[in-house]
Amino acid sequence: MLADLRLYQLISPSLPIGAFTYSQGLEWAIEAGWVKNEQALEQWLESVLAHSVSTLELPVMIRLCRAFEGQDIEAVHYWTQFLIASRETSELRKEERQRGQALATLLPNLNVAIDDSVIEAVRSTQIAGFALAAQQFDISIQSACAGYLWSWLENAVMAGVKLVPLGQTSGQKLLMRLSERVPTAVERALAIVDDEVGSSTPALAIASSRHETQYTRLFRS
């Protein structure tokens, strides 16, 4: 039970790492008219889930959890660098670093020890810090994946609620529908072999690059 509670803390919107301040290109996609309503938002998030989160972020986190457990420092650095290299825009790379640095500052205060040999990896991406905390809190890989995915999904839907805009009830209904895909996404991530890890989200990359210079924006760039 304690491991479950620690997971809830890690995925809570109140965790002070600024996850809610990013839209990952969604703000520009809405400004450009690509995403206009609840249905279009659902299709956008389904695509990102299918072609990025379940094929890149989750598989990398799985490998990082195993690397931290096996004290494989080389693998920790390899997969964090792989993740950063897979981010197509300056904005997405900055988000990785900013959230990673915030989590690296927070974790020691939550009794998560960060060895000097991995501190730069943890600072480079939130996923590394999340994997390290999951390993030290005895959170199972499956639970960590489901929790991370839920956190991403909740932040993305809430961004859409603010930007489209949608009502809060519509946002909750959308969360209900999309969350039904979580078990399949986790199973897929667990089955992916190293050569298949990666993402293919050209629309997100275009939206993120355009968001970097969007004239007015609510979310960080």
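**View 1. Phenylalanine 82 and its ring partner, tyrosine 78.** Phenylalanine 82 comes out as partly exposed, at 21% relative accessibility; that label covers everything between buried (under 20% relative accessible area) and exposed (over 50%), using a 1.4 Å probe and protein chains only. Tyrosine 78 is partly exposed too, at 47%. Both sit in helix H4 (residues 73-85), 4 residues apart, or about one turn of the helix; helices here are DSSP runs of H or I with at least four residues, numbered from the N terminus.

This is a predicted model, where local features need pLDDT of at least 70 and side-chain atom pairs pLDDT 80 or more, while totals for chains, interfaces and linings use all residues. Residues are numbered from 1 along each chain as its sequence is written, and side-chain values use heavy atoms, leaving out hydrogens and water.

**View 2. Aromatic pairs.** The structure has 6 of them, meaning Phe, Tyr or Trp rings (six-membered ring for Trp) with centres within 6.5 Å; planes under 30 degrees apart are stacked, over 60 edge-to-face, and the rest tilted. Tyrosine 78 and phenylalanine 82 have ring centres 6.2 Å apart and planes at 35°, so they count as tilted. Elsewhere, Trp28, Trp34 and Trp44 make up one aromatic cluster.

**View 3. Arginines over rings.** Arginine 63 lies over the face of tryptophan 79, 5.4 Å from the ring centre. The charged end of arginine 6 sits over phenylalanine 137, 6.0 Å from the centre of its ring. The test is NZ of Lys or CZ of Arg within 6 Å of the ring centre and within 35 degrees of the ring normal.

**View 4. Around methionine 61.** Skipping neighbours within four places in sequence, methionine 61 is in contact (heavy atoms within 4.5 Å) with Ile127, Phe130, Ala131, Ala144, Cys145 and Tyr148.

How values were computed. Helices (H or I, at least four residues) and strands (E, at least two) are DSSP runs, numbered from the N terminus.
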